[in-house]
Amino acid sequence: MSYIAKPKVHHPSLKPNAIGLTRRDYEGALTTLCAGCGHDSITAAIIQAFWELDVEPHKVAKLSGIGCSSKTPAYFLREAHGFNSVHGRMPSIATGAGAANGDLMMIGVSGDGDSLSIGFGQLCHAMRRNVNLLYVLENNGVYGLTKGQFSASADSGSTSKKGEVNTMEAIDGVLLALTLGATFVARSFSGDKEQLVPILKAGLMHKGFAFIDVISPCVTFNDHEGSTKAYAYTRGHQIEVVQADFVPLRSEITTEYEAGSVQKVTMHDGSVVNFRKVAEDYDPTDRDRAYAHIRQHQEAGEVATGLLYIDPSSVDMMEQNDVVPTPLYNQPFETLCPGSAALDKLQLRYR
Amino acid sequence: MRRTDVGNPDYFHKVVDCQWACPAHTNVPEYIRLIAQGRFDDAYIVNRQSNVFPGILGRTCDRPCEPACRRSRVDGKPVAICRLKRVAADQKNDVSARIPKAPEVKNGKKLALIGAGPASLTVANDLMPLGYDITIFEKGPRAGGLMRINIPSFRLPEEVLDEEIGYIVDMGVNMKYNTPVESLKAVLDSNEYDAVFVGTGAPKGKELVIPGRYDSDQIFIGIEWLESIHFGHVTSVGEKVLIIGVGNTAMDCCRSSKRLGATDVKVIARKTRKYFKASPWELEDAEEEQIDIVENLQPVRFVIEDGKLTGMEFDQFKSEEIDGKLVQETIGRVILPCDSVVLAIGQDNAFPWIERDIGLEFGKWDMPVVDKVTFMSTRDGVFFGGDSAFGPANIIWAVEQGHQAAISIHQFCQGEPLTDRPPQGQTLASTKMGLHEWSYSNNYDPVTRQKMIHVELPERFAKMTVEVEEGFTAEQTRKEVERCLNCDIQTNFTESACIECDACIDICPVDCLTMTVNDEEPVLRTHLKAPAEQLDQALYVSGALKQTGRVMVKDENVCLHCGLCAERCPTYAWDMRKFVLHLPYAGVPAPEGTVAEKEKVSL
């Protein structure tokens, strides 16, 4: 909380993007989260990503459930559409919204409780269906709103602020996503915007379900020694497996890479993700090897980060189900409501 | 870069752009806050400590503070610092009880100050309370120097002068009016004085010797003419008046002409507007009074017909700026008709009364050789200050030089070495009042600079003494004080407490902050969240941070001092701390001050 709003003045060098908006135009209300919350840094990264992609804010839907994380859509893109759903039910709303208006760029923000406990089934099925949605899981390992109980992502052996040891195994969102056939899987850290922003951009441009697990320390309840989701712990144990540079379709490629050092993956719209491999032999398009690699790091007590897996041939839910591509609001009334004669005809088919 | 040393008062002092730019280092943000609280007496006293003449300067100062003001880099217009000073002076109650007094028992040292202008008066102001027996020799009938005789009363009313000069004179200065000093040697040889201070200004207007100069009685020298108006010796002028020169004296001359009955007044400039010496606001005030400012003319001769001045002939130039330099080419001649001409092309010093064989060396331009730090001439015990020391400047420089000369005179009379200058001190104290509460108004107010209300033209032309500026109204004052960014409330960083959570960086509205790998300054300046291109604005650099070894860098340039970085900081690594600069004055060393505990962590 802060008593004053963020002043509207900005640095003289602040530049507009291709559609004439500055980064400040992508901001939302002032955050009410605790000072130092990782979620706020993710919000800043999301703002940066949308600005860099020249997205028109009114063509975005931002969705969330319940929890600290789920408050954050209020803090970016004040001019976008928003929906705060029932706890854990954001994927259903997103599925419906996407079906009704496939032109919307959708971003869902959730937390470890909202995703891995109450909304676990919803998350799984959204992945399975490959809903065209960027799903950001702000992962801090605790229930912050209810004063810091362990969440489902708390690592076994980590301790609470009071010293209590967690004995249960953690659900790892990234491994889960790889198992369920998610077509875009990444892990990042709120304190590393250089890594996070390109992943968010690639995720927004991915046609299908883009899952990003972002370690986001809870500064109030889970930033102590013994926590495996603290700033210091994450910095000490983060291993960047791949570095992803996102190059939008219309951009000129200016970065030069040493031959053989980069793996290019072309996305459905022609955008390119250049993977600079930090770990040797890592292949971000090989699901099984990615899984094995991440497990290996996990066993060693390390947190593998980066855009870990991408399926460039992803077919999203709309395409799979042959949903009419024109958004419903643009359909003529006669098509949306063809009348009782058409209904009778349809019903005849089921007799 | 090396870790910034905030223990040196210069670092945070420089962040307070106005205070740093002010020759006397007036604590501007502090007095603006006091005005905001309606504490006009306190605001006046804070001013008076450093600049001695708040009421006078609040109307006439050259305002070096305003071009420096951070607000102008944020929304284009500086805070109206100067006119707020006037608010404090106008609204205060009787502050005479708070003006320093001279002790009954004197310290046995006698001083002679020559000339009763701002420099001498400042010396008297600083040294009277220490018990000196001071005599001021003034050639005119009253004190004030150029402040009284050269600045027209429509800009500076007599009551204001009388009050502020009175505070000093009434300490018991021995005033010798109508007593021009005709020989410095005589003063020195009298052995009456332990030290002598020369504050005689630059009283000689520059001449323009071209054909016809001495063929008319309607050709005047600016500062002499203003003086004659002041004393009532000149009460009229021709209908058409040309003012030659475009400095601040020219502005006073053209506006005075209007009040003496001239209907067509032109100010003639050799160069183009960008190169004018007059302050932009003085040019605006003149133009508001329907005065033409004509560029690109250089005087050739006065046109005299039948012994009467009828015009002036000029070379006309075409001006072009090439590589930042003004290149002028003559394109013809032009005659402008006129009845009177006032020459306002500059001032010179004149020391016909100082003998050249008394061990007081004169150097270039026939100016005395004066030490830039101690203000002592090459003759021990003879000090200079104000325009007489280094040529024409302005009142606020004269005041500051008076302060410095007073320190030297005191040390000289006490037998201490003059080069041991007393150091400055600083206090840094947190302004934190609660979780998100600060003891200053931290919210940014987007209100624009308030426009000074001026008296209507016919009314002001009717009399020489009608003050043009009405002063800010209460409502204007309320708005203008909120424009001050409180640059003295410093963002103070304690690196040991930082957990590198990015909260401060994300919240900063003006992208001042960056955590990055350390590097040399030129490289670092290009690697920040927003490029730090204002090279005279410092970078505040921390030591290596605990978790990543990066450094926190703050570009001071456009910081709003809104305190949001400190509000969003979970560990109190950022704090808003009030910086107070302690200045030394004669016999009053600056308190050393305290720096709040550096490594205090709240968790």
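**Notebook: chains A and B, predicted model**

I began with the contacts inside chain A. Of those with a separation of 6 or more, 72% are between residues 24 or more positions apart. I am working from a predicted model, so I keep in mind that local features need pLDDT of at least 70.

**Chain A, overall form**

I looked up the secondary structure next. Chain A carries 12 helices and 13 strands. I then checked the dimensions. Along the principal axes, the C-alpha atoms of chain A fill a box of roughly 70 × 50 × 50 Å. Why does a radius of gyration of 21 Å agree with a compact globule? Because a compact globule with 351 residues would have a value near 20 Å, the 21 Å of chain A agrees. I also noted burial: 46% of the 351 residues of chain A count as buried.

**Where chain B meets chain A**

I turned to the contact between the chains. Chain B puts 29 residues in contact with 24 residues of chain A. Which helices of chain B each supply at least two residues to the side that touches chain A? I found α7 (70–75), α20 (503–507) and α22 (564–568). I sorted that side of chain B by class: 17 residues are nonpolar, five are polar and seven are charged.

**Domains of chain B**

I noted the division of chain B. Domain 1 covers 102–203 + 349–413, and domain 2 covers 205–347. Their centres, taken over C-alpha atoms, are separated by 32 Å. I looked up who takes part in the contact. Domain 1 of chain B gives seven residues and domain 2 of chain B gives nine. On the side of domain 1 that touches domain 2, I listed six nonpolar residues, one polar residue and no charged residues.

**Nonpolar cores**

I went to the largest nonpolar core last. It has 184 residues, and B:Leu127, B:Phe197, B:Ile243 and B:Ile409 touch the most other members. Helix α17 (residues 395–413) of chain B provides the largest share of this core, 11 residues. Domain 1 and domain 2 of chain B each contribute at least three residues to this core. I also recorded another core, lying apart from it, with 71 residues; A:Ile46, A:Val55, A:Ile107 and A:Phe209 are among them.

I picked B:Phe197 for a closer look. What does B:Phe197 touch, not counting residues up to four places away in sequence? I listed B:Leu111, B:Leu113, B:Ile114, B:Ser120, B:Val123, B:Phe383, B:Gly385, B:Ala405 and B:Ile409. B:Ile409 is itself one of the residues that touch the most other members of the largest core.

Conventions:
Residues are numbered from 1 along each chain as its sequence is written. Chains are lettered from A and ligands numbered from 1 in the order in which they are written. This is a predicted model: local features need pLDDT of at least 70, side-chain atom pairs count only at pLDDT 80 or more; totals for chains, interfaces and linings use all residues. Two residues are in contact if their C-beta atoms, placed from the backbone, lie within 7 Å. Helices (H or I, at least four residues) and strands (E, at least two) are DSSP runs, numbered from the N terminus. Ala, Val, Leu, Ile, Met, Phe, Trp, Tyr, Cys and Pro count as nonpolar, Asp, Glu, Lys and Arg as charged, and the others, Gly among them, as polar. The radius of gyration is taken over C-alpha atoms; the globule rule is 2.2 Å times the number of residues to the power 0.38. A residue is buried if 20 or more other C-beta atoms lie within 10 Å of its own, exposed if 12 or fewer, and partly exposed in between; C-beta atoms are placed from the backbone. A nonpolar core is a set of buried Ala, Val, Leu, Ile, Met, Phe, Trp, Tyr and Cys residues joined through C-beta atoms within 7 Å. Domain bounds come from an automatic or database domain assignment.
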